[in-house]
Amino acid sequence: MNAPANTEVDAQLNIVPIATTHSCFSEKFGIPRQPLLADASRAAIELLAPFNDPDAVAGLDQHTHLWLTWQFHQVAGQWSPKVRPPRLGGNKKLGVFATRSPFRPNNIGLSVVRLIEVRTHPKVELIVAGADLLDGTPILDIKPYIPYADSVPSASSQLAEQPPQQAAVHIPEFILERAQAYRDNLGTDLVALIRQVLAQDPKPAYQQPDPERIYGMELCGFNLQWRYVQEEIEVVALEKLEYERTR
């Protein structure tokens, strides 16, 4: 017998984070707007108790890519039926379910990332590349990416058929040397990361570049600053922040 159409579902969803993110991005501004656009980015997905059992990730290293389900934790509880996608210049509104905006009813994100390494000691964590995740992002689930099932070659999107055009990035020699000297335990190539992040043009899409204005973001414990000079993004500073992030 079919249940009446107006029957309410009594089951309660109990979703808890299974992991936390340690990311090179410590603030929202500057994070690539889609995963895999900055493959040089690195993040450690640290499993939390009681899910931090090495058995839980056994066999995961047989996959090159993963699906991460996560929460936009800094906008939790905020949503709007219509939003302004950056891809459309930030001036045109679309229904929230026609976009990947963080301002969603359940604030859930979904990202494909490249798996670099599975570590089980001293903690259970996954080292991934191309993550568009803020430091501290709660991870709700991890699944392997299965190419034959998850890739749809015939799929299309009239609003975002091609990747966004990349901007030219100039890094002065003295800043280049400082970035080349950077080392961390995730294997981050800071020079490549700076280029890939800035090539996405992090400023708001509706904003006209002002050559007198200096933009900045925190990246890998540095204050990265840049400006727009004609058709190029020029890095003007890369200063170590006073505080040290601990993992």
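A disulfide is a pair of cysteine sulfur atoms within 2.5 Å. Keep that cut-off in mind. One more thing before we start: the model on the screen is predicted.

So, how many disulfides does a search of the whole structure find? Zero. Look at Cys24 to see a pair that fails. The closest cysteine sulfur to that of Cys24 sits in Cys220, 4.7 Å away, and that is too far for a bond. Cys220 has the matching story: the nearest cysteine sulfur is that of Cys24, and Cys220 is in no disulfide. Are these two cysteines buried or exposed? Cys24 has a relative accessible area of 4%, so it is buried. Cys220 is buried too, with a relative accessible area of 4%.

Now stay with Cys220 and look at the strands around it. Cys220 belongs to the hairpin of β10 and β11. Two residues lie between those strands, and Cys220 takes a positive phi near 55°. β10 and β11 run antiparallel, joined by five bridges. One pairing to find on screen: Met217 has Leu224 in β11 as its bridge partner.

Move along to the next turn. β11 and β12 form a hairpin as well, again with two residues between them. Gln230 sits in that turn, with a positive phi of about 55°. How many bridges join β11 to β12? Eight, and the strands run antiparallel. Asn223 finds its bridge partner in β12, at Glu239.

β11 has two faces. Which residues make the covered one? Phe222, Leu224, Trp226 and Tyr228. On the uncovered face are Asn223, Gln225, Arg227 and Val229.

Next, the core. Here is the general idea first. In soluble globular proteins, nonpolar side chains tend to be buried together. In this model, the largest nonpolar core has 30 residues. Which of them touch the most other members? Leu190, Leu193, Ile194, Leu219 and Leu224. Several elements feed this core: α2, α3, β10, β11 and β12 each supply at least two residues. α3 gives the most, with seven.

Zoom in on Leu219. Set aside its neighbours within four places in sequence. Leu219 then contacts Cys24, Phe25, Leu190, Leu193, Ile194 and Leu224. Notice Cys24 in that list; we met it at the start. There is also a second, separate core of 21 residues. Among its members are Val57, Trp70, Val113 and Ile142.

Let's visit another set of strands. β3, residues 65-71, pairs with β6, residues 108-119. The pairing is antiparallel, over seven bridges. Thr69, for example, has Leu110 in β6 as its bridge partner. β6 also pairs with β7, residues 125-129, in the antiparallel sense, over five bridges. Val118 stands opposite Leu126 in β7. A hairpin of five residues links β6 to β7.

On to charges. Side chains of opposite charge can pair when their charged atoms come close. The count here is eight salt bridges. I will show three.

Start with Arg119 and Glu125. Their closest N and O atoms are 3.7 Å apart. Both Arg119 and Glu125 are buried.

Second, Lys203 and Asp201. Here the closest N and O atoms are 3.6 Å apart. Why does Lys203 count as buried? Because its relative accessible area is 7%, and buried means under 20%. Asp201 comes out at 22% relative accessibility, so it counts as partly exposed.

Third, Arg227 and Glu234. Their side chains meet at 2.7 Å, N to O. Arg227 is partly exposed, with a relative accessible area of 31%. Some salt bridges share partners, and these join Glu117, Arg119 and Glu125 into one network.

Last stop: Gln200. Where does it lie? In the loop between α3 and β10. Its relative accessible area is 12%, so Gln200 is buried. The side chain of Gln200 reaches the backbone oxygen of Leu37 at 3.5 Å. Leaving out residues up to four places away in sequence, Gln200 touches Arg33, Leu37, Pro164 and Gln166.

To recap: zero disulfides, eight salt bridges, and a largest nonpolar core of 30 residues. Thanks, everyone.

Technical notes: Residues numbered from 1 in each chain as written. Predicted model: local features only at pLDDT ≥ 70, side-chain atom pairs only at ≥ 80, totals over all residues. Heavy atoms only, no water. Helix = DSSP H or I, 4+ residues; strand = E, 2+ residues; numbered from the N terminus. Buried < 20%, exposed > 50% of the residue type's maximum accessible area, 1.4 Å probe, protein only. Polar contact = N/O pair within 3.5 Å; in protein donor to acceptor, adjacent residues only side chain to side chain. Contact = heavy atoms within 4.5 Å. Core = buried A, V, L, I, M, F, W, Y, C linked by side-chain atoms within 4.5 Å. Salt bridge = Lys/Arg side-chain N within 4 Å of Asp/Glu carboxyl O. Pairing = 2+ DSSP bridges.
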